[in-house]
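Me: I'd like to learn how to read a model like this one. Could you walk me through it?

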Amino acid sequence: MKHDEHIREHARIAQSLSAERESLFEQVPFARELERGAADLKRIARPVVAVAGTARVGKSTLRGALGPDVPWKWLEVEAGGAGGGGLSVGELAEHCLLVLPAGEAPSRGVLAWLQQLTEAFPEGSLQAVLTRCDALPEGVSAGTAREQLEQVLREAVPQRTVPVFTVSGTTGEGLEALREELAEGLAQRQRVLLEEALKDWSSLLADVHALLGMKDLARLRPETLARLRLCLDELLREESQRLEGELPRLAEESVRELESRLPEAQRSLTRAFREKLSARVEPRSHALRQRLDEVLARELARDMEGETGSKVRLELADRFGRLVEPRSLFFDWGFARTGGVAGVGAAMVSGVARKHGGWAVLGAALVGGVLAGLLGRGTKVNTAEELKRVVAEPLLEDSLRRLKEATESSRADVARLCGLLRKVAEIFSPEQARAYDVGQLGRAVTEAEGRREQLGRELTELQWKDARVGS
């Protein structure tokens, strides 16, 4: 079957990635210490499907009917229960079949458990299965039973659509459709997990490469790094609080400038308001970048004085700048580059941004993301009060939320940067440095990066192949 083959191909890529990890860790032992949480590649290669339900509802019969020759593992779970070690079903499985008896309404306990399952399993990874449909009372069809359960589920979990399948282990009715849907959902979940694992592996390799390039910073003292982190944290806290306090005033100024254009389409006014607010925030972002540069240069200069220290700091900033993701969620790194980043501070710290993006406070992207619903559809804004209510207030609320999120993720970036610098000082200390051939370690990482790219291409080609077959 097509989806079974996808699961097996994903398993092969996951196994190859696992082998690559072990190979690199043998050649670069300290690389393992830089991991911030490794994916369970064995689980990705052989995902788990939970068959959950009350006792004697037909879980084992359903498993047997769906076939023993499957590219996943089965796990039976009693309704409301947990698996080994007290772990929840969501922690033990990638996919879940909630088994319910046809002709019986789900109990209050089962519906409460369903709520937990919808939170644990993403869309496409949870299905409800009505068993023993061949034994329904006379006059009640499988279709009627399914519709009744769908209505109950809509009321129990209105935020989620849970597909319902009707099957019979005796006649085989509905089993093929269920198995196909199960395999497709599991393959999709497996692919998402594999993509995340490959992304995390890329981040680790980039960190190791950066660490090797920072060996000249090994002379940094622990007290210098501790002071650096405190200073950057304090600067972020002060500037985010200042900007949080100023944003309402900046928004009010933007509203006053737009009043003369009323009445006008909401979409046009929203765009104009965003541009005006961005223009007011931008000078503050430039000032913050400069202050970050000054703090970093000042603190590192304590241990890295002279021309050599300046050269190392500039190379370090450029290296981290190349590591930042091109599509940051909050920080527009391309804008920062074209706008010119003085010194090394902002470039260096921004470059360690990963999943969270970081540094919204540094770019116009802070107020650049507008929810589609705020743009309106040809609606006209007629009065200043309406302009404030339908345009300014929603955008201001969105900007304040983004500022808070960016500040927290930026503080995490600072912690990560300082952690890398501490690791450099530890690995390349005078006692340890002689044990490493930096050139050989760098070649090992470069080769691992090449193989990781190959695995990524194989995963992409598998998706393209699927798209061509489906078209």
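What follows is a short dialogue on confidence, the sheet, its crossovers and two buried spots.

Me: What should I know before I start?

Reply: This is a predicted model, where local features need pLDDT of at least 70, side-chain atom pairs count only at pLDDT 80 or more, and totals for chains, interfaces and linings use all residues. Residues are numbered from 1 along each chain as its sequence is written, and side-chain values use heavy atoms, with hydrogens and water left out.

Me: What does the protein chain average in pLDDT?

Reply: pLDDT is the predictor's confidence in each residue, from 0 to 100. Here the protein chain averages 78, and 80% of the residues score at least 70. Where pLDDT is low, the predicted coordinates should not be read in detail. That applies to one stretch here: over residues 316–377, pLDDT stays under 50. The model still has 153 contacts beyond four places in sequence for that stretch, a contact being heavy atoms within 4.5 Å.

Me: Now the sheet. In what order do the five strands lie?

Reply: Strands (E, at least two residues) and helices (H or I, at least four) are DSSP runs, numbered from the N terminus. Two strands pair if DSSP finds at least two bridges between them. In this model five strands form an open sheet in the order 2-1-3-4-5, with parallel pairing. Strand 2 and strand 5 are the edge strands, each pairing on one side only. From one strand to the next, the twist averages 25 degrees.

Me: Which residues stand opposite each other, say for strand 1 and strand 2?

Reply: Val 48 stands opposite Lys 73 in strand 2. Strand 1 (residues 48–53) and strand 2 (residues 73–78) run parallel, joined by six bridges. Between them the chain passes through helix 3 (residues 59–66), and this β-α-β crossover is right-handed. The term means that, with the strands pointing away from the viewer, the path from the first strand over the helix to the second runs clockwise. Strand 1 is also joined to strand 3 by five parallel bridges, with Val 49 opposite His 95.

Me: How does helix 3 lie on the sheet?

Reply: Angles run from 0 to 180 degrees between N-to-C directions, with axes as lines fitted to C-alpha atoms, for helices over the stretch in contact. Helix 3 lies across strands 1, 2, 3 and 4 and runs at about 165 degrees to strand 2. Helix 5 packs on the sheet too, touching strands 1, 2, 3 and 4, at about 165 degrees to strand 3.

Me: Is strand 4 mostly covered or mostly open, and which way do its residues point?

Reply: In a regular strand the side chains alternate between the two faces of the sheet. In strand 4, Leu 126, Ala 128 and Leu 130 point one way and Gln 127, Val 129 and Thr 131 the other. Strand 4 (residues 126–131) is mostly covered, with six of its six residues buried (buried is under 20% relative accessible area, exposed over 50%, partly exposed in between, with a 1.4 Å probe and protein chains only). Val 129 has Val 99 opposite in strand 3 and Phe 165 as its bridge partner in strand 5.

Me: And Val 381: buried or exposed?

Reply: Val 381, found in strand 7 (residues 380–381), is buried, with a relative accessible area of 1%. Beyond four places in sequence, its contacts include Leu 262, Pro 263, Leu 269 and Val 390. The C-alpha atoms of Val 381 and Arg 267 are separated by 9.4 Å, though the two residues are 114 residues apart along the chain.
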